[in-house]
Amino acid sequence: MDPRLKLLSTVSWRSRPIPGERMRTLLRTLAEAGPRGLSAEALIDAIWADDPPEHPSKALQVLVSRTRTQTTAEAIERTTTGYRLALQTADIDLWALDILTTDAEAALTVGDIPRALELARTAIDLGEDSRAVRVIAVATAKQGRHREALPELTRLHEANPFDEKLTAEFLRALAGAKGTPAALQAYADVQTRLAEDLGSSSGPALQAVHQELLAMDEPVRSGVRYAATSLLGRDDDLEQVTGLLSSARLVTIVGPGGLGKTTAMSALRRAWEKEHGSGSVVGLAPSAVAAQVLADDLGIRCENTAKWWQNHLIHGTDFEAGQLVIIDEASLAGTLSLDRITHLAERVGAKALLVGDYGQLQSVDAGGAFGLLVGDRNEAPELVDVHRFTHEWEKTASLALRHGRTQVIDTYLDHHRIHEGEAEAMTDAAYTAWRADRNEGLVSVLIAETRDDVSVLNQRARADLILDGTLKPGREVELNDGTTAGVGDTIITRRNDRRLRNAKDWVRNGDTWTIKDVRDDGSITVRPTGRRFGGSIILPAPYVAEHVDLG
(Lines give C-alpha, C1' and ligand atoms only; values in the text may rest on other atoms or scores of the structure.)
Protein backbone atom coordinates (compact mmCIF):
# COMPACT_ATOMS: atom_id res chain seq x y z
CA MET A 1 0.00 0.00 0.00
CA ASP A 2 1.39 3.36 -1.13
CA PRO A 3 -1.02 6.24 -0.36
CA ARG A 4 -0.69 9.34 -2.52
CA LEU A 5 -1.18 11.75 0.41
CA LYS A 6 1.06 11.08 3.38
CA LEU A 7 0.53 12.92 6.64
CA LEU A 8 1.95 10.61 9.32
CA SER A 9 5.52 11.78 8.87
CA THR A 10 6.52 14.45 6.33
CA VAL A 11 3.42 15.81 4.59
CA SER A 12 3.83 14.87 0.94
CA TRP A 13 1.95 14.15 -2.26
CA ARG A 14 3.25 11.24 -4.31
CA SER A 15 6.45 11.40 -2.21
CA ARG A 16 6.92 15.12 -3.02
CA PRO A 17 6.95 17.30 0.14
CA ILE A 18 4.18 19.89 0.43
CA PRO A 19 5.69 23.37 0.91
CA GLY A 20 4.31 25.88 3.36
CA GLU A 21 3.11 25.24 6.90
CA ARG A 22 -0.42 26.50 6.19
CA MET A 23 -0.91 24.10 3.26
CA ARG A 24 0.31 21.25 5.44
CA THR A 25 -2.02 22.34 8.25
CA LEU A 26 -4.97 22.49 5.82
CA LEU A 27 -4.36 18.95 4.59
CA ARG A 28 -3.85 17.55 8.11
CA THR A 29 -6.97 19.29 9.44
CA LEU A 30 -9.16 18.04 6.59
CA ALA A 31 -7.78 14.51 6.94
CA GLU A 32 -8.42 14.47 10.68
CA ALA A 33 -11.99 15.69 10.05
CA GLY A 34 -12.72 12.68 7.85
CA PRO A 35 -14.67 12.44 4.59
CA ARG A 36 -17.34 14.91 5.75
CA GLY A 37 -14.83 17.76 5.96
CA LEU A 38 -15.08 20.99 7.93
CA SER A 39 -16.77 24.33 7.68
CA ALA A 40 -14.81 27.30 6.37
CA GLU A 41 -15.02 28.93 9.78
CA ALA A 42 -13.51 25.87 11.51
CA LEU A 43 -10.72 25.68 8.94
CA ILE A 44 -9.87 29.35 9.39
CA ASP A 45 -9.68 28.88 13.16
CA ALA A 46 -7.40 25.86 12.76
CA ILE A 47 -5.04 27.46 10.25
CA TRP A 48 -4.75 31.05 11.48
CA ALA A 49 -5.79 30.56 15.12
CA ASP A 50 -5.57 33.88 16.97
CA ASP A 51 -4.14 35.79 14.00
CA PRO A 52 -6.74 35.64 11.19
CA PRO A 53 -6.12 37.55 7.95
CA GLU A 54 -8.04 40.71 7.08
CA HIS A 55 -10.27 38.78 4.64
CA PRO A 56 -10.29 35.22 6.04
CA SER A 57 -12.70 33.65 3.53
CA LYS A 58 -10.69 34.95 0.59
CA ALA A 59 -7.44 33.82 2.22
CA LEU A 60 -8.83 30.32 2.69
CA GLN A 61 -9.92 30.14 -0.98
CA VAL A 62 -6.43 31.15 -2.09
CA LEU A 63 -4.83 28.56 0.22
CA VAL A 64 -7.11 25.81 -1.11
CA SER A 65 -6.26 26.76 -4.68
CA ARG A 66 -2.51 26.66 -4.00
CA THR A 67 -2.88 23.29 -2.26
CA ARG A 68 -4.76 21.85 -5.24
CA THR A 69 -1.86 22.98 -7.39
CA GLN A 70 0.56 21.02 -5.17
CA THR A 71 -1.67 17.90 -5.23
CA THR A 72 -4.49 17.54 -7.75
CA ALA A 73 -7.52 19.61 -8.63
CA GLU A 74 -9.85 16.87 -7.34
CA ALA A 75 -8.06 16.49 -3.98
CA ILE A 76 -10.06 19.17 -2.13
CA GLU A 77 -13.76 19.53 -2.81
CA ARG A 78 -16.07 22.41 -1.96
CA THR A 79 -19.07 21.61 0.28
CA THR A 80 -22.12 23.67 1.21
CA THR A 81 -20.34 25.03 4.28
CA GLY A 82 -16.65 24.48 3.67
CA TYR A 83 -14.28 21.90 2.21
CA ARG A 84 -13.44 18.19 2.35
CA LEU A 85 -10.82 15.81 0.98
CA ALA A 86 -12.30 14.04 -2.05
CA LEU A 87 -9.86 11.12 -2.04
CA GLN A 88 -10.26 7.39 -1.48
CA THR A 89 -9.34 5.86 1.87
CA ALA A 90 -6.33 4.12 0.35
CA ASP A 91 -5.06 7.47 -0.98
CA ILE A 92 -4.50 8.94 2.52
CA ASP A 93 -2.19 7.17 4.94
CA LEU A 94 -4.00 8.54 7.99
CA TRP A 95 -7.35 7.17 6.81
CA ALA A 96 -5.84 3.86 5.70
CA LEU A 97 -4.14 3.44 9.03
CA ASP A 98 -7.41 4.00 10.89
CA ILE A 99 -9.34 1.53 8.73
CA LEU A 100 -6.62 -1.12 8.96
CA THR A 101 -6.41 -0.77 12.74
CA THR A 102 -10.19 -0.86 13.16
CA ASP A 103 -10.39 -4.01 11.03
CA ALA A 104 -7.48 -5.53 13.01
CA GLU A 105 -9.31 -4.88 16.28
CA ALA A 106 -12.45 -6.46 14.87
CA ALA A 107 -10.53 -9.54 13.74
CA LEU A 108 -8.96 -9.83 17.18
CA THR A 109 -12.38 -9.57 18.84
CA VAL A 110 -13.78 -12.50 16.81
CA GLY A 111 -10.64 -14.58 17.39
CA ASP A 112 -9.13 -14.36 13.88
CA ILE A 113 -5.61 -13.91 15.22
CA PRO A 114 -3.65 -14.34 11.95
CA ARG A 115 -5.87 -11.77 10.20
CA ALA A 116 -5.55 -9.36 13.12
CA LEU A 117 -1.76 -9.61 13.01
CA GLU A 118 -1.63 -9.14 9.24
CA LEU A 119 -3.80 -6.02 9.31
CA ALA A 120 -2.04 -4.50 12.33
CA ARG A 121 1.40 -5.04 10.80
CA THR A 122 0.26 -3.42 7.55
CA ALA A 123 -0.96 -0.49 9.61
CA ILE A 124 2.39 -0.23 11.39
CA ASP A 125 4.12 -0.12 8.00
CA LEU A 126 2.19 3.09 7.30
CA GLY A 127 3.05 4.72 10.61
CA GLU A 128 3.36 4.17 14.34
CA ASP A 129 -0.06 3.68 15.94
CA SER A 130 -0.72 2.70 19.57
CA ARG A 131 -3.91 0.81 18.66
CA ALA A 132 -2.07 -1.33 16.11
CA VAL A 133 0.77 -1.93 18.56
CA ARG A 134 -1.78 -3.08 21.12
CA VAL A 135 -3.42 -5.47 18.65
CA ILE A 136 -0.05 -7.02 17.81
CA ALA A 137 0.89 -7.44 21.48
CA VAL A 138 -2.45 -8.98 22.47
CA ALA A 139 -2.62 -11.22 19.40
CA THR A 140 0.95 -12.42 19.98
CA ALA A 141 0.05 -13.33 23.56
CA LYS A 142 -3.09 -15.15 22.41
CA GLN A 143 -0.89 -17.29 20.18
CA GLY A 144 0.89 -18.45 23.32
CA ARG A 145 4.02 -16.36 22.72
CA HIS A 146 3.77 -14.76 26.14
CA ARG A 147 7.44 -13.91 26.63
CA GLU A 148 7.54 -12.13 23.27
CA ALA A 149 4.37 -10.15 24.01
CA LEU A 150 5.05 -9.30 27.66
CA PRO A 151 7.45 -6.31 27.26
CA GLU A 152 5.01 -4.38 25.03
CA LEU A 153 1.99 -5.33 27.13
CA THR A 154 3.86 -4.20 30.24
CA ARG A 155 4.62 -0.83 28.63
CA LEU A 156 1.02 -0.42 27.48
CA HIS A 157 -0.32 -1.40 30.91
CA GLU A 158 1.97 1.08 32.68
CA ALA A 159 0.80 3.82 30.33
CA ASN A 160 -2.88 2.86 30.78
CA PRO A 161 -3.12 1.34 34.28
CA PHE A 162 -6.93 1.66 34.50
CA ASP A 163 -7.73 0.12 31.12
CA GLU A 164 -9.29 -3.13 32.38
CA LYS A 165 -9.28 -5.07 29.11
CA LEU A 166 -5.63 -4.21 28.50
CA THR A 167 -4.74 -5.06 32.09
CA ALA A 168 -6.49 -8.42 31.74
CA GLU A 169 -4.36 -9.31 28.70
CA PHE A 170 -1.23 -8.13 30.50
CA LEU A 171 -2.02 -10.41 33.47
CA ARG A 172 -2.62 -13.40 31.19
CA ALA A 173 0.69 -12.83 29.42
CA LEU A 174 2.48 -12.36 32.75
CA ALA A 175 1.06 -15.67 33.99
CA GLY A 176 2.23 -17.40 30.82
CA ALA A 177 5.70 -15.88 30.88
CA LYS A 178 6.54 -15.74 34.59
CA GLY A 179 3.98 -17.95 36.30
CA THR A 180 0.60 -17.57 37.97
CA PRO A 181 1.98 -16.29 41.33
CA ALA A 182 3.57 -13.30 39.56
CA ALA A 183 0.29 -12.54 37.81
CA LEU A 184 -1.73 -12.84 41.01
CA GLN A 185 0.66 -10.45 42.75
CA ALA A 186 0.29 -8.02 39.84
CA TYR A 187 -3.49 -8.36 40.15
CA ALA A 188 -3.23 -7.50 43.84
CA ASP A 189 -1.15 -4.43 42.93
CA VAL A 190 -3.81 -3.36 40.44
CA GLN A 191 -6.50 -3.77 43.09
CA THR A 192 -4.51 -1.64 45.50
CA ARG A 193 -4.01 1.11 42.92
CA LEU A 194 -7.70 1.09 41.96
CA ALA A 195 -8.66 1.48 45.59
CA GLU A 196 -6.08 4.16 46.39
CA ASP A 197 -6.29 6.26 43.20
CA LEU A 198 -9.91 5.84 42.15
CA GLY A 199 -11.64 4.53 45.26
CA SER A 200 -13.03 1.63 43.23
CA SER A 201 -12.49 -2.08 42.67
CA SER A 202 -12.05 -4.30 39.61
CA GLY A 203 -14.79 -4.60 37.01
CA PRO A 204 -16.04 -7.67 35.09
CA ALA A 205 -13.00 -8.01 32.82
CA LEU A 206 -10.51 -8.08 35.70
CA GLN A 207 -12.75 -10.26 37.84
CA ALA A 208 -12.92 -12.78 35.00
CA VAL A 209 -9.16 -12.93 34.54
CA HIS A 210 -8.70 -13.22 38.30
CA GLN A 211 -10.87 -16.33 38.30
CA GLU A 212 -8.78 -17.68 35.42
CA LEU A 213 -5.60 -17.10 37.41
CA LEU A 214 -6.99 -18.80 40.49
CA ALA A 215 -7.97 -21.78 38.36
CA MET A 216 -4.48 -21.87 36.84
CA ASP A 217 -2.88 -21.47 40.24
CA GLU A 218 -0.01 -23.82 40.89
CA PRO A 219 -0.40 -26.26 43.78
CA VAL A 220 1.40 -25.56 47.06
CA ARG A 221 4.93 -24.50 46.23
CA SER A 222 7.73 -27.01 46.15
CA GLY A 223 9.39 -27.49 49.49
CA VAL A 224 13.12 -27.40 50.15
CA ARG A 225 14.76 -30.47 48.71
CA TYR A 226 15.21 -33.13 51.34
CA ALA A 227 18.78 -34.26 51.90
CA ALA A 228 19.44 -37.73 50.54
CA THR A 229 20.38 -39.32 53.85
CA SER A 230 19.72 -42.85 55.07
CA LEU A 231 16.38 -43.81 56.58
CA LEU A 232 17.61 -43.67 60.19
CA GLY A 233 17.70 -47.46 60.46
CA ARG A 234 14.35 -48.04 58.72
CA ASP A 235 15.54 -49.87 55.62
CA ASP A 236 13.28 -52.77 56.60
CA ASP A 237 10.30 -50.39 56.84
CA LEU A 238 10.99 -49.02 53.38
CA GLU A 239 11.40 -52.49 51.92
CA GLN A 240 8.09 -53.61 53.45
CA VAL A 241 6.17 -50.59 52.12
CA THR A 242 7.61 -50.82 48.59
CA GLY A 243 6.85 -54.53 48.58
CA LEU A 244 3.23 -53.89 49.49
CA LEU A 245 2.92 -51.16 46.85
CA SER A 246 4.10 -53.57 44.19
CA SER A 247 1.17 -55.88 44.86
CA ALA A 248 -1.59 -53.66 46.28
CA ARG A 249 -3.33 -50.54 44.97
CA LEU A 250 -3.78 -49.07 48.47
CA VAL A 251 -1.30 -49.17 51.35
CA THR A 252 -1.42 -47.52 54.77
CA ILE A 253 1.42 -46.44 57.07
CA VAL A 254 0.44 -46.02 60.72
CA GLY A 255 2.26 -44.25 63.49
CA PRO A 256 1.91 -41.40 65.97
CA GLY A 257 4.04 -38.26 65.86
CA GLY A 258 7.73 -38.79 66.50
CA LEU A 259 8.01 -42.21 64.88
CA GLY A 260 9.51 -41.00 61.62
CA LYS A 261 6.61 -41.15 59.16
CA THR A 262 8.01 -38.11 57.36
CA THR A 263 11.46 -39.69 57.15
CA ALA A 264 9.93 -42.87 55.79
CA MET A 265 7.93 -40.96 53.18
CA SER A 266 10.99 -38.95 52.12
CA ALA A 267 12.98 -42.10 51.50
CA LEU A 268 10.04 -43.71 49.73
CA ARG A 269 9.61 -40.69 47.48
CA ARG A 270 13.27 -40.85 46.44
CA ALA A 271 13.10 -44.57 45.81
CA TRP A 272 9.88 -44.30 43.82
CA GLU A 273 11.12 -41.43 41.63
CA LYS A 274 14.36 -43.30 41.01
CA GLU A 275 12.33 -46.10 39.44
CA HIS A 276 9.40 -44.18 37.92
CA GLY A 277 10.94 -40.81 37.13
CA SER A 278 10.73 -37.28 38.44
CA GLY A 279 7.19 -36.10 39.14
CA SER A 280 5.85 -39.61 39.70
CA VAL A 281 4.94 -38.85 43.34
CA VAL A 282 1.88 -36.71 44.16
CA GLY A 283 1.50 -35.25 47.65
CA LEU A 284 -1.90 -34.48 49.21
CA ALA A 285 -3.11 -33.59 52.70
CA PRO A 286 -6.49 -32.63 54.22
CA SER A 287 -5.55 -29.00 54.94
CA ALA A 288 -3.53 -26.28 53.25
CA VAL A 289 -1.12 -26.05 56.19
CA ALA A 290 -0.57 -29.82 56.25
CA ALA A 291 0.00 -29.77 52.48
CA GLN A 292 2.62 -27.05 52.89
CA VAL A 293 4.41 -29.02 55.62
CA LEU A 294 4.38 -32.09 53.39
CA ALA A 295 5.81 -30.04 50.49
CA ASP A 296 8.61 -28.74 52.69
CA ASP A 297 9.40 -32.21 54.05
CA LEU A 298 9.32 -34.16 50.79
CA GLY A 299 10.52 -31.58 48.29
CA ILE A 300 7.55 -32.09 45.96
CA ARG A 301 4.60 -29.91 45.09
CA CYS A 302 1.62 -30.77 47.26
CA GLU A 303 -2.01 -29.71 47.47
CA ASN A 304 -4.87 -30.05 49.90
CA THR A 305 -7.41 -32.71 49.00
CA ALA A 306 -10.36 -30.33 48.59
CA LYS A 307 -8.48 -28.06 46.16
CA TRP A 308 -7.15 -31.04 44.19
CA TRP A 309 -10.68 -32.40 43.84
CA GLN A 310 -11.92 -28.99 42.71
CA ASN A 311 -9.16 -28.87 40.08
CA HIS A 312 -10.19 -32.36 38.96
CA LEU A 313 -13.82 -31.31 38.50
CA ILE A 314 -13.16 -27.95 36.85
CA HIS A 315 -9.91 -28.47 34.93
CA GLY A 316 -9.66 -32.23 34.53
CA THR A 317 -6.61 -32.65 36.77
CA ASP A 318 -5.99 -36.38 37.15
CA PHE A 319 -3.44 -38.96 38.19
CA GLU A 320 -1.31 -40.95 35.78
CA ALA A 321 -0.44 -44.61 35.58
CA GLY A 322 2.62 -45.42 37.67
CA GLN A 323 2.24 -42.47 40.01
CA LEU A 324 2.35 -42.80 43.79
CA VAL A 325 -0.30 -40.69 45.52
CA ILE A 326 0.70 -39.96 49.14
CA ILE A 327 -2.09 -38.67 51.39
CA ASP A 328 -0.57 -37.45 54.64
CA GLU A 329 -2.60 -36.96 57.84
CA ALA A 330 -5.09 -39.36 56.28
CA SER A 331 -6.93 -39.89 59.57
CA LEU A 332 -8.04 -36.25 59.31
CA ALA A 333 -9.43 -36.70 55.80
CA GLY A 334 -13.14 -37.31 55.31
CA THR A 335 -14.28 -40.74 54.17
CA LEU A 336 -15.84 -39.38 50.96
CA SER A 337 -12.66 -37.51 50.09
CA LEU A 338 -10.48 -40.60 50.58
CA ASP A 339 -12.88 -42.75 48.58
CA ARG A 340 -12.95 -40.34 45.64
CA ILE A 341 -9.20 -39.91 45.43
CA THR A 342 -8.27 -43.57 45.88
CA HIS A 343 -10.90 -44.55 43.30
CA LEU A 344 -9.40 -42.15 40.75
CA ALA A 345 -5.91 -43.49 41.47
CA GLU A 346 -7.08 -47.07 40.97
CA ARG A 347 -8.87 -46.20 37.73
CA VAL A 348 -5.72 -44.92 36.00
CA GLY A 349 -3.29 -47.44 37.51
CA ALA A 350 -1.72 -45.23 40.19
CA LYS A 351 -0.93 -46.38 43.74
CA ALA A 352 -2.27 -44.72 46.88
CA LEU A 353 -0.38 -44.50 50.18
CA LEU A 354 -2.34 -43.29 53.21
CA VAL A 355 -0.20 -42.08 56.09
CA GLY A 356 -1.60 -41.19 59.50
CA ASP A 357 -2.55 -42.25 62.99
CA TYR A 358 -5.93 -43.79 63.84
CA GLY A 359 -5.31 -42.70 67.43
CA GLN A 360 -5.50 -39.05 66.36
CA LEU A 361 -8.59 -36.83 66.38
CA GLN A 362 -10.69 -37.74 63.38
CA SER A 363 -11.96 -35.63 60.48
CA VAL A 364 -14.55 -32.92 61.06
CA ASP A 365 -16.34 -34.48 58.07
CA ALA A 366 -17.79 -37.98 58.13
CA GLY A 367 -14.58 -39.86 58.88
CA GLY A 368 -13.12 -43.00 60.34
CA ALA A 369 -12.15 -44.56 57.02
CA PHE A 370 -8.44 -44.61 57.83
CA GLY A 371 -9.03 -46.46 61.10
CA LEU A 372 -11.32 -48.96 59.35
CA LEU A 373 -8.75 -49.61 56.63
CA VAL A 374 -6.02 -50.24 59.20
CA GLY A 375 -8.26 -52.46 61.32
CA ASP A 376 -9.30 -54.61 58.37
CA ARG A 377 -5.79 -55.16 57.05
CA ASN A 378 -3.33 -57.53 58.63
CA GLU A 379 -0.46 -56.18 56.55
CA ALA A 380 -0.75 -52.49 57.50
CA PRO A 381 2.80 -51.32 58.39
CA GLU A 382 3.01 -49.55 61.74
CA LEU A 383 6.05 -47.61 62.92
CA VAL A 384 6.74 -48.29 66.59
CA ASP A 385 10.24 -46.92 67.33
CA VAL A 386 9.85 -43.43 68.81
CA HIS A 387 12.66 -40.96 67.99
CA ARG A 388 11.34 -37.52 68.87
CA PHE A 389 11.72 -37.48 72.66
CA THR A 390 14.92 -36.87 74.61
CA HIS A 391 14.08 -39.06 77.62
CA GLU A 392 13.49 -42.78 77.21
CA TRP A 393 10.51 -42.83 79.60
CA GLU A 394 8.69 -40.26 77.43
CA LYS A 395 8.77 -42.55 74.41
CA THR A 396 6.92 -45.33 76.20
CA ALA A 397 4.60 -42.97 78.05
CA SER A 398 3.52 -41.17 74.88
CA LEU A 399 2.51 -44.46 73.25
CA ALA A 400 0.52 -45.40 76.34
CA LEU A 401 -1.34 -42.09 76.18
CA ARG A 402 -2.10 -42.73 72.53
CA HIS A 403 -3.78 -46.01 73.44
CA GLY A 404 -5.80 -44.37 76.24
CA ARG A 405 -4.05 -46.07 79.18
CA THR A 406 -4.88 -43.65 81.98
CA GLN A 407 -2.48 -45.24 84.47
CA VAL A 408 0.42 -43.66 82.58
CA ILE A 409 -0.64 -40.31 84.07
CA ASP A 410 1.17 -41.42 87.22
CA THR A 411 4.38 -41.58 85.22
CA TYR A 412 4.00 -37.94 84.22
CA LEU A 413 3.26 -37.02 87.84
CA ASP A 414 6.38 -38.83 88.99
CA HIS A 415 8.47 -36.81 86.56
CA HIS A 416 6.85 -33.50 87.61
CA ARG A 417 5.23 -32.93 84.25
CA ILE A 418 1.78 -32.22 85.73
CA HIS A 419 1.01 -29.41 88.19
CA GLU A 420 -2.24 -28.68 89.96
CA GLY A 421 -3.88 -25.68 91.58
CA GLU A 422 -6.65 -23.11 91.21
CA ALA A 423 -7.50 -22.18 87.63
CA GLU A 424 -6.32 -18.60 88.00
CA ALA A 425 -3.05 -19.63 89.64
CA MET A 426 -2.37 -22.30 87.00
CA THR A 427 -3.10 -19.87 84.17
CA ASP A 428 -0.70 -17.38 85.72
CA ALA A 429 1.99 -20.05 86.21
CA ALA A 430 1.66 -21.26 82.63
CA TYR A 431 1.86 -17.74 81.28
CA THR A 432 4.90 -16.93 83.43
CA ALA A 433 6.70 -20.06 82.21
CA TRP A 434 5.86 -19.25 78.59
CA ARG A 435 7.09 -15.71 79.05
CA ALA A 436 10.37 -16.93 80.55
CA ASP A 437 10.92 -19.27 77.61
CA ARG A 438 10.25 -16.46 75.16
CA ASN A 439 12.73 -14.16 76.90
CA GLU A 440 15.38 -16.86 76.57
CA GLY A 441 14.72 -17.20 72.84
CA LEU A 442 13.04 -20.60 73.15
CA VAL A 443 10.04 -21.78 71.15
CA SER A 444 7.24 -22.45 73.61
CA VAL A 445 3.53 -23.24 73.14
CA LEU A 446 0.90 -21.95 75.57
CA ILE A 447 -2.43 -23.81 75.28
CA ALA A 448 -5.68 -22.73 76.94
CA GLU A 449 -8.99 -24.53 77.29
CA THR A 450 -11.37 -21.98 75.79
CA ARG A 451 -11.28 -19.28 73.14
CA ASP A 452 -11.97 -16.66 75.81
CA ASP A 453 -8.96 -17.87 77.82
CA VAL A 454 -6.80 -17.63 74.70
CA SER A 455 -8.02 -14.08 74.09
CA VAL A 456 -7.23 -13.02 77.66
CA LEU A 457 -3.73 -14.53 77.51
CA ASN A 458 -3.06 -12.87 74.16
CA GLN A 459 -4.06 -9.48 75.50
CA ARG A 460 -1.88 -9.99 78.57
CA ALA A 461 1.11 -10.94 76.43
CA ARG A 462 0.59 -7.92 74.20
CA ALA A 463 0.31 -5.57 77.17
CA ASP A 464 3.60 -6.89 78.58
CA LEU A 465 5.31 -6.44 75.21
CA ILE A 466 4.16 -2.82 75.11
CA LEU A 467 5.30 -2.22 78.67
CA ASP A 468 8.79 -3.59 78.08
CA GLY A 469 9.16 -1.58 74.87
CA THR A 470 9.11 -4.52 72.45
CA LEU A 471 5.95 -3.12 70.84
CA LYS A 472 5.39 0.57 70.22
CA PRO A 473 1.85 1.94 70.67
CA GLY A 474 0.36 3.25 67.43
CA ARG A 475 -2.50 2.79 65.01
CA GLU A 476 -4.44 -0.40 65.72
CA VAL A 477 -7.10 -2.59 64.11
CA GLU A 478 -9.76 -4.69 65.78
CA LEU A 479 -9.51 -8.42 65.11
CA ASN A 480 -12.02 -11.24 64.93
CA ASP A 481 -11.56 -12.23 68.58
CA GLY A 482 -12.26 -8.70 69.85
CA THR A 483 -8.61 -7.90 70.56
CA THR A 484 -6.62 -5.16 68.86
CA ALA A 485 -3.28 -5.35 67.08
CA GLY A 486 -0.70 -2.98 65.65
CA VAL A 487 2.73 -2.92 64.06
CA GLY A 488 4.97 -5.65 65.48
CA ASP A 489 2.15 -7.87 66.74
CA THR A 490 1.94 -11.53 65.78
CA ILE A 491 -1.37 -12.61 64.29
CA ILE A 492 -2.92 -15.85 63.02
CA THR A 493 -4.98 -16.05 59.84
CA ARG A 494 -8.03 -18.30 60.17
CA ARG A 495 -9.22 -18.74 56.60
CA ASN A 496 -7.58 -19.96 53.39
CA ASP A 497 -7.64 -17.29 50.70
CA ARG A 498 -5.55 -17.84 47.58
CA ARG A 499 -6.42 -14.36 46.34
CA LEU A 500 -4.30 -12.86 49.12
CA ARG A 501 -0.73 -13.63 48.18
CA ASN A 502 2.77 -12.50 47.42
CA ALA A 503 4.91 -13.74 44.55
CA LYS A 504 5.33 -17.23 46.00
CA ASP A 505 2.80 -17.91 48.72
CA TRP A 506 -0.76 -17.29 49.83
CA VAL A 507 -2.74 -16.91 53.06
CA ARG A 508 -3.65 -20.13 54.87
CA ASN A 509 -5.69 -20.99 57.90
CA GLY A 510 -3.29 -21.30 60.83
CA ASP A 511 -0.43 -19.27 59.35
CA THR A 512 1.27 -16.79 61.68
CA TRP A 513 2.33 -13.32 60.54
CA THR A 514 3.94 -10.17 61.88
CA ILE A 515 2.17 -6.88 61.20
CA LYS A 516 4.41 -4.42 59.36
CA ASP A 517 1.90 -1.63 58.70
CA VAL A 518 -1.65 -0.63 59.62
CA ARG A 519 -3.48 1.37 56.96
CA ASP A 520 -6.12 4.06 57.29
CA ASP A 521 -8.82 1.82 55.81
CA GLY A 522 -8.24 -0.97 58.36
CA SER A 523 -6.19 -3.19 56.06
CA ILE A 524 -2.77 -4.37 57.23
CA THR A 525 0.53 -5.33 55.66
CA VAL A 526 1.93 -8.56 57.11
CA ARG A 527 5.04 -10.68 56.71
CA PRO A 528 5.45 -14.37 57.57
CA THR A 529 6.67 -14.77 61.15
CA GLY A 530 10.44 -15.15 61.31
CA ARG A 531 11.17 -13.45 57.98
CA ARG A 532 13.04 -10.17 58.04
CA PHE A 533 12.65 -9.30 54.37
CA GLY A 534 10.17 -9.99 51.57
CA GLY A 535 7.01 -12.04 51.53
CA SER A 536 4.67 -9.18 52.47
CA ILE A 537 0.93 -9.48 51.82
CA ILE A 538 -1.85 -6.94 52.31
CA LEU A 539 -4.84 -8.30 54.26
CA PRO A 540 -7.99 -6.29 53.44
CA ALA A 541 -9.98 -4.77 56.30
CA PRO A 542 -12.95 -7.20 55.97
CA TYR A 543 -10.60 -10.21 56.16
CA VAL A 544 -8.83 -8.72 59.19
CA ALA A 545 -12.11 -8.13 61.01
CA GLU A 546 -13.51 -11.59 60.32
CA HIS A 547 -10.62 -14.03 59.96
CA VAL A 548 -7.62 -12.79 61.99
CA ASP A 549 -6.80 -13.54 65.65
CA LEU A 550 -4.04 -12.19 67.85
CA GLY A 551 -1.19 -14.69 68.03
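**Entry 1: salt bridges around helix H19**

I began with Asp468, which forms a salt bridge with Arg435; the closest N and O atoms are 2.5 Å apart. I located Asp468 in the loop between H20 and strand S12 (477-478) and Arg435 in helix H19, so the pair links distant parts of the chain, 33 residues apart. I note that the model is predicted. I then looked up the accessibility of the two partners. Asp468 counts as partly exposed because its relative accessibility is 43%. Arg435, at 13%, counts as buried.

I next examined a second pair that involves H19. Asp428 and Arg460 form a salt bridge, with 2.6 Å between the closest N and O atoms. Asp428 belongs to helix H19 (residues 423-439) and Arg460 to helix H20 (residues 451-467); this pair also links distant parts of the chain, at a separation of 32 residues. I recorded Asp428 as partly exposed, with a relative accessible area of 34%. Arg460 is likewise partly exposed, at 31% relative accessibility.

**Entry 2: further salt bridges**

I asked which residue Asp520 meets in a salt bridge. The partner is Arg475, at 2.9 Å from N to O. Asp520 lies in the loop between strand S17 (512-518) and strand S18 (524-528), and Arg475 lies in the loop between H20 and S12, so the pair ties together parts that are 45 residues apart in sequence. I found Asp520 exposed, with a relative accessible area of 70%, and Arg475 partly exposed, with 47%.

I also noted a network of salt bridges that links Glu21, Arg24 and Arg28. As background, side chains of opposite charge can pair when their charged atoms come close. My search of the whole structure returned 23 salt bridges.

**Entry 3: surface patches**

I turned to the surface and recorded a negative patch formed by Glu41, Asp45, Asp50 and Asp51. Asp50 sits in the loop between helix H2 (40-48) and helix H3 (56-70). Is Asp50 buried or exposed? Its relative accessible area is 80%, and it is therefore classed as exposed.

I recorded a nonpolar patch as well. Leu401, Ile409, Leu413 and Ile418 make up this surface patch of about 330 Å². I placed Ile409 in helix H18 (residues 409-414). Ile409 is partly exposed, with 40% relative accessibility.

**Entry 4: strand S8 and its partners**

I checked how strand S8 (residues 281-285) is covered. Five of its five residues are buried, so the strand is largely enclosed by the rest of the structure. I then compared the two faces: Val281, Gly283 and Ala285 are buried on one side, and Val282 and Leu284 are buried on the other.

Which strands pair with S8? I found a parallel pairing with strand S10 (residues 324-327) over four bridges. In this pairing Val281 has Leu324 of S10 as its bridge partner. Strand S9 (residues 302-304) also runs parallel to S8 and is joined to it by three bridges. Here the bridge partner of Gly283 is Cys302 in S9.

**Entry 5: strands S15 and S16**

I looked up strand S15 (residues 497-501) and found it mostly covered, with four of its five residues buried. S15 is joined by two bridges to strand S16 (residues 506-507), and the two run antiparallel. I noted that Arg501 stands opposite Trp506 in S16.

**Entry 6: the sheet S1-S2-S3**

I followed the strand order of one further sheet. It is an open sheet of three strands, ordered S1-S2-S3, with antiparallel pairing. Strand S1 (5-6) and strand S3 (16-17) stand at the edges; each has a single partner strand, so one side of each is left without a neighbour in the sheet. Strand S2 (residues 12-13) is joined to S3 by two bridges. I recorded Arg16 in S3 as the bridge partner of Trp13.

**Entry 7: Thr342**

My last lookup concerned Thr342, which lies in helix H15 (residues 335-348). Thr342 counts as buried because its relative accessibility is 10%, under the 20% cut-off. I computed its separation from Ala352 as 6.2 Å, C-alpha to C-alpha, while the two residues are 10 apart in sequence.

Methods: Residues are numbered from 1 along each chain as its sequence is written. Side-chain values use heavy atoms; hydrogens and water are left out. Patches are made of residues with over 30% relative accessible area and no salt bridge: like charges are joined within 9 Å, nonpolar side chains (Val, Leu, Ile, Met, Phe, Trp, Tyr) within 5 Å. Accessible areas come from the Shrake-Rupley method with a 1.4 Å probe; for residues, only the protein chains shown count as cover. A salt bridge is a side-chain nitrogen of Lys or Arg within 4 Å of a carboxyl oxygen of Asp or Glu. Lys and Arg count as positive and Asp and Glu as negative; His and the chain ends are not counted. The place of a charge is taken as NZ of Lys, CZ of Arg, CG of Asp or CD of Glu. Buried means under 20% relative accessible area, exposed over 50%, partly exposed in between (1.4 Å probe, protein chains only). Two strands pair if DSSP finds at least two bridges between them.
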